[in-house]
Amino acid sequence: EAAAALRFAGQVEVQVTSGQRGQAALAAMKVAGQKNSGSVVERMSTSVTTKSSVPLTLSLATSPQAQKQRMRLLHGDTEQLENEYPLIAQLMSFKGNRQLLRASHVASIMRGGAAVLVGSEGSAETYALSREVEEIDVFFSHNWIVSHEKKFLCLAMYFNFNLASCAAAMAMVAIFIASRIDLLPRLVARSDQDAGDGVCNTLLVTPIFLLAVCFRYDLFWLLGCHHRSPTVFVDKTCIHQVDEALKKEGILKLGAFIRSSSRMLVIYSDVYLTKLWTVYEFACFIALHPDSCMTVIPTFQPMLCFCGIFIYYVIEVLNMVLLIVFPVHSSISHGLGAILIVYLLCTF
């Protein structure tokens with residue numbers, strides 16, 4: 001198994017304790033070199049320390065042509081991969097275990113403010129939120145130490161932002177037309193007879209946007225069309241957390257889940273690159289898919305965006321009230337808004 005993995009890897013550096021384990025690793029390296037003769041193996045070197053407890057470092061490097069060939073195998077036919085590298089094929093495909101390929105609908109994950117993302121402990125109920133699929137739309141890469149509120153906002157920005165923007169734009173046009181033909185009331189400021197035309201837009205458009213961003217998939221559940229939402233891989237719902245045998249099989253197939261995913265959403269935080277699992281997911285995906293298929297959202301980005309929009313909304317409402325009641329003092333609201341925005345930026 002070590003020889004198979006080393007043969008497939010593009011460049012590997014392994015550290016093991018000298019002694020029997022070191023000799024076994026060295027033997028594996030030699031097997032890897034013998035079975036990858038010619039142009040495949042470009043360099044193989046070993047360095048052994050004199051003290052028994054100091055690690056033994058082994059490295060194997062392959063030519064760029066060999067690396068490209070292996071990437072083509074990963075993207076190509078599973079049977080060919082199985083013939084060339086049976087161990088890798090076992091980890092990177094669901095052949096013979098198609099029932100393990102499962103995904104959840106986004107509506108199930110985001111329902112109730114992404115309540116399912118509270119804690120990593122799963123159950124039979126959380127596993128029931130997933131179903132067998134042919135492929136996965138989005139692989140959700142995250143750390144459980146990050147709060148579910150931050151993950152929910154990141155999911156909302158990724159899945160709902162464009163639709164919420166369209167909904168807000170259509171609402172703005174509809175409200176404008178309705179105001180012009182007197183279907184909606186228009187408040188007129190004392191200082192400017194045209195200042196009242198945008199009052200309903202000011203009051204309604206931003207709440208429509210924020211509601212669409214946060215509660216789009218809750219509405220899907222109410223309408224019974226949650227099954228039409230995109231599919232997403234979340235380990236808590238797609239890998240059985242109670243049955244230890246199924247759990248082990250699912251974990252071993254993590255590379256196959258990544259290979260079966262069309263896109264990856266990375267919830268980036270300070271700890272993302274310090275955890276082995278998320279680094280493994282990140283590395284596997286960029287090795288198997290184009291960079292354009294990955295979206296990285298820092299946890300602070302949606303908070304800054306949505307909080308900024310909400311503060312701007314409060315400023316505009318306050319400005320509208322001051323403009324109507326005290327026209328000459330409307331600049332007070334703008335000054336207050338500037339202070340709030342600076343404070344928000346400094347906080348983040």
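This briefing describes how some helices pack and how some side chains are placed in the structure above. The model is a predicted one, and the values given below are computed from it. Three helices, α6, α8 and α9, are taken up in turn, beginning with α8 and α9, whose axes are 7 Å apart. After the helices come the aromatic rings, for which a search of the whole structure finds eight pairs, and then a few single residues whose backbone or position in space can be followed in the model.

**How the helices pack**

- Two packed helices are described by the angle between their axes and by the distance between those axes.
- Helix α8, which covers residues 148-180, packs with helix α9, which covers residues 199-223, at an angle of about 150°. Because an angle over 145 degrees counts as roughly antiparallel, α8 and α9 are roughly antiparallel to each other.
- The crossing in which α8 passes α9 is right-handed, and the contact of α8 with α9 has 21 nonpolar residues, four polar residues and one charged residue.
- Helix α6, made up of residues 106-114, packs with α8 at an angle of about 130°, and here the axes are 10 Å apart. The angle makes α6 and α8 oblique to each other, and their crossing is left-handed.
- Helix α6 also meets α9, where the axes come within 8 Å and cross at roughly 110°. Since angles of 65 to 115 degrees count as roughly perpendicular, α6 and α9 are described as roughly perpendicular to each other, and the crossing of α6 and α9 is left-handed.

**Aromatic rings**

- A pair of aromatic rings is described by the distance of the centres and by the angle of the planes.
- Among the eight aromatic pairs that the search of the whole structure finds, Phe-161 and Phe-209 form an edge-to-face pair, with 5.5 Å from centre to centre and 85° between the planes.
- This pair links distant parts of the chain, for Phe-161 is in helix α8 and Phe-209 is in helix α9, 48 residues apart.
- The two partners differ in how they are classed: Phe-161, with a relative accessible area of 26%, is partly exposed, whereas Phe-209, at 8% relative accessibility, counts as buried.
- The rings of Tyr-268 and Tyr-272 have their centres 6.0 Å apart and their planes at 50°, so this pair is tilted. Tyr-268 counts as partly exposed at 31% relative accessibility, while Tyr-272 is buried, with a relative accessible area of 1%.
- Four phenylalanines, namely Phe-94, Phe-139, Phe-233 and Phe-257, form one aromatic cluster.
- A charged group also meets a ring in this model, as the charged end of Arg-102 sits over the ring of Tyr-127, at 4.3 Å from the centre of that ring.

**Backbone of Ala-114**

- Ala-114, which lies in helix α6, has a positive phi of about 60°, although Ala-114 is not a glycine.
- With a relative accessible area of 0%, Ala-114 is buried; the cut-off for that word is a relative accessible area under 20%.

**Residues apart in sequence, placed in space**

- Tyr-280 lies in helix α13, which runs over residues 276-288, and Tyr-280 counts as partly exposed at 35% relative accessibility. Although Tyr-280 and Gly-255 are 25 residues apart in sequence, they are 8.9 Å apart in space when the distance is taken from C-alpha to C-alpha.
- Ile-251 has its place in helix α11, which covers residues 244-252, and Ile-251 counts as partly exposed at 36% relative accessibility. The C-alpha atoms of Ile-251 and Leu-91 are separated by 9.6 Å, while the two residues are 160 residues apart along the chain.

Key
Residues are numbered from 1 along each chain as its sequence is written. This is a predicted model: local features need pLDDT of at least 70, side-chain atom pairs count only at pLDDT 80 or more; totals for chains, interfaces and linings use all residues. Side-chain values use heavy atoms; hydrogens and water are left out. Axes are lines fitted to C-alpha atoms, for helices over the stretch in contact, and angles run from 0 to 180 degrees between N-to-C directions. Helices (H or I, at least four residues) and strands (E, at least two) are DSSP runs, numbered from the N terminus. Angles under 35 degrees count as roughly parallel, over 145 as roughly antiparallel, 65 to 115 as roughly perpendicular and the rest as oblique. A crossing is left-handed if the near helix is turned anticlockwise from the far one by less than a right angle, and right-handed if clockwise. Ala, Val, Leu, Ile, Met, Phe, Trp, Tyr, Cys and Pro count as nonpolar, Asp, Glu, Lys and Arg as charged, and the others, Gly among them, as polar. Rings of Phe, Tyr and Trp (its six-membered ring) pair if their centres lie within 6.5 Å; planes under 30 degrees apart count as stacked, over 60 as edge-to-face and the rest as tilted. Buried means under 20% relative accessible area, exposed over 50%, partly exposed in between (1.4 Å probe, protein chains only). A charge sits over a ring if NZ of Lys or CZ of Arg is within 6 Å of the ring centre and within 35 degrees of the ring normal.
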